[in-house]
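Here is a short guided tour to read with the structure open beside you. Shall we start in a single loop and work outwards from there?

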Amino acid sequence: MTSTALKATAAHPSTLDPEETFSRERIEELQLERLRHTVAYAYENVDLYRRKFDGAGVHPTDLRELGDLAKFPYTTKEDLRQTYPFGMFAVPQNQVARIHASSGTTGRPTVVGYTAGDIDRWATLVARSLRASGVKAGDKVHNAYGYGLFTGGLGAHYGADKLGCTVIPISGGQTERQVQLIQDFEPDAILSTPTYLLTILDAMVAAGIDPRSTSLKTAVLGAEPWTQEMRQELEQRMGFDACDIYGLSEVMGPGVAGECVETKDGSHIWEDHFRPEIIDPFTDRVMDDCEHGELVFTSLTKEALPIIRYRTHDLTRLLPGTARPGMRRMDRITGRSDDMIILRGVNLFPTQIEEIALRIPALSPHFQLELTRPEGQRMDRLTVKIEPREGVSAHDAEQAASRLSEQIKIHIGSSCAVTVVESGSLARSSGKLRRIYDLRPKPPQTD
């Protein structure tokens with residue numbers, strides 16, 4: 001924990017939204033009230049939900065207690081793609097104040113909409129998340145999330161506005177300019193993905209700037225999974241507090257959950273607006289708190305795009321609240337069920353490699369995973385390409401690579417090749433970083 005974190009104290013109750021002080025019992029009463037409304041509202045206003053509910057033999061009146069939510073069918077990304085572009089909207093077009101969308105790199109983009117009320121609630125929850133992470137009214141905030149159809153940039157921007165901050169809307173990319181503006185404008189906080197902050201940090205070092213000498217006191221990082229080891233890497237090198245923020249476009253955008261600086265023990269879900277569940281991704285069984293599984297969300301207050309039991313594919317568990325006792329926490333995301341590598345029968349995630357690599361002093365956080373299948377062989381091969389730390393000798397780097405391969409075998413249970421590559425040779429993040437490169441031969445197309 002940094003010196004700043006040691007000085008941090010729990011937010012005074014007068015600075016919190018009233019709902020942040022609710023007991024667990026009061027939160028669940030509010031959830032049931034809002035859940036009944038949302039399920040009925042979705043059924044009445046979205047054709048897809050009416051068809052799905054009818055097909056599953058359930059009706060909004062069947063929701064009498066929170067556990068009854070498990071009777072209702074899931075919503076998936078494919079549902080949003082099949083209703084592209086506006087088939088999931090529950091309000092007329094003239095009530096939609098904003099439209100966002102995914103990149104659509106793997107098919108049709110998923111499109112989400114917001115009423116003016118939705119945007120105001122979104123801004124309130126992002127402001128709540130930033131405040132929980134140590135950002136204060138009056139702070140200058142360097143916003144390096146991408147602007148545009150991606151929800152990150154504008155979502156973070158309006159939340160910082162709502163909190164009363166001065167926003168520097170730099171967006172992603174132009175890393176040298178980012179470094180210059182951090183020097184010139186002296187922001188108090190930075191908002192970005194963790195891997196892009198790492199890119200900015202490396203650019204500072206390359207420019208001869210000590211990252212600990214900057215004005216930055218707080219980083220609020222999200223949009224991709226990151227580990228406790230990555231937090232330590234960033235905090236130690238930059239001398240500030242780094243906290244998580246969670247969200248996804250289909251549920252709202254950033255601000256679904258936020259980490260509190262005084263505890264740094266996972267993001268508290270703002271359960272006055274969202275009902276989370278954890279399910280077994282293979283059997284669909286609803287899991288108990290503290291059990292690992294796939295995170296599922298139901299919105300409780302959204303107007304333009306109510307979302308019922310949305311399968312996020314994020315793997316985590318729910319834990320009791322700490323800094324906000326009435327709100328449950330998410331443990332750190334260990335990976336995504338659709339981003340899982342199955343290597344010779346063993347499940348593996350990029351975050352596991354990150355966690356192990358950052359415990360080896362000679363290795364840097366910059367790595368890629370390459371999946372190949374050598375010609376004539378039936379088994380896949382995983383190669384970890386990783387850069388050494390600055391100043392590490394070739395001999396020490398090779399020894400560290402051998403240790404990484406050994407530790408992966410011990411802790412994950414699968415063998416892989418580890419190749420140390422030249423410093424600066426791997427792609428750097430300008431937003432979300434691609435970790436996995438699947439180079440296996442594609443199956444032949446059939447007519």
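## A cis proline in a loop

Let's begin with Pro85, which is found in the loop between helix H4 (77–82) and strand E1 (98–101). The peptide bond that leads into Pro85 from Tyr84 is cis, with omega near 0°. Please keep in mind that this is a predicted model, and that goes for this bond as well as for everything below.

## The chain as a whole

Stepping back, the chain has 11 helices and 21 strands. Its radius of gyration is 22 Å, close to the 22 Å that the globule rule gives for 447 residues, so the chain is as compact as a globular protein of that length. If you would like a frame for the view, the C-alpha atoms fill a box of roughly 70 × 60 × 40 Å along the principal axes.

How much of the chain is buried? Of the 447 residues, 55% count as buried. The chain exposes about 19,400 Å², and carbon and sulfur atoms supply 50% of that area. Among contacts between residues at least 6 apart in sequence, 65% join residues at least 24 apart. As for charge, there are 52 positive and 62 negative charges, and their mean positions are 1 Å apart.

## Two residues with positive phi

Two non-glycine residues deserve a look for their backbone angles. Lys264 has phi near 50°, a positive value in a residue other than glycine. Its place is in the loop between strand E8 (253–259) and strand E9 (267–269). Is the lysine buried or exposed? Lys264 has a relative accessible area of 11%, and the cut-off for buried is under 20%, so Lys264 counts as buried.

Asp284 has phi near 70°, again a positive value in a residue other than glycine. You will find Asp284 in the loop between strand E10 (274–279) and strand E11 (293–299). At 35% relative accessibility, Asp284 counts as partly exposed.

## Helix H10 and Arg435

Now for a helix that sits well inside. Six of the eight residues of helix H10 (residues 350–357) are buried, so H10 is largely enclosed by the rest of the structure. Which residues of H10 are the buried ones? They are Pro350, Thr351, Ile353, Glu354, Ile356 and Ala357.

Two of these names come up again at Arg435, whose contacts include Pro350 and Glu354. Arg435 has its place in the loop between strand E20 (417–420) and strand E21 (436–438), and it is buried, with a relative accessible area of 11%. Leaving aside neighbours within four places in sequence, Arg435 is also in contact with Thr195, Met230, Pro365, Phe367, Gln368 and Leu369. Glu370 is 65 residues away from Arg435 in sequence, while their C-alpha atoms are 8.6 Å apart in space.

## Two aspartates to compare

Asp62 lies in the loop between helix H3 (47–56) and H4. With a relative accessible area of 22%, Asp62 is partly exposed. Which residues does Asp62 touch, leaving aside its neighbours within four places in sequence? Its contacts are Gly57, Asp68 and Lys71. Asp79 is 17 residues from Asp62 in sequence and 23 Å from it in space, C-alpha to C-alpha.

Asp396, by contrast, lies in a helix, H11 (residues 394–411). At 37% relative accessibility, Asp396 counts as partly exposed. For a long span across the model, try Asp396 and Val141: they are 255 residues apart in sequence and 40 Å apart in space, C-alpha to C-alpha.

## Cysteines without a bridge

How many disulfides are there? With a disulfide taken as a pair of cysteine sulfur atoms within 2.5 Å, the count comes to zero. Cys290 shows this clearly: the nearest cysteine sulfur, that of Cys260, is 18 Å away, and Cys290 is in no disulfide.

Cysteine surroundings are also worth a glance. Cys290 is partly exposed, with a relative accessible area of 40%, whereas Cys416 is buried, with a relative accessible area of 11%.

Technical notes: Residues numbered from 1 in each chain as written. Predicted model: local features only at pLDDT ≥ 70, side-chain atom pairs only at ≥ 80, totals over all residues. Heavy atoms only, no water. Buried < 20%, exposed > 50% of the residue type's maximum accessible area, 1.4 Å probe, protein only. Helix = DSSP H or I, 4+ residues; strand = E, 2+ residues; numbered from the N terminus. Rg over C-alpha atoms; globule rule 2.2 N^0.38 Å. Contact = heavy atoms within 4.5 Å. Areas by Shrake-Rupley, 256 points an atom, 1.4 Å probe, with all protein chains shown as cover. Lys, Arg positive; Asp, Glu negative; His and termini not counted. Charge placed at Lys NZ, Arg CZ, Asp CG, Glu CD.
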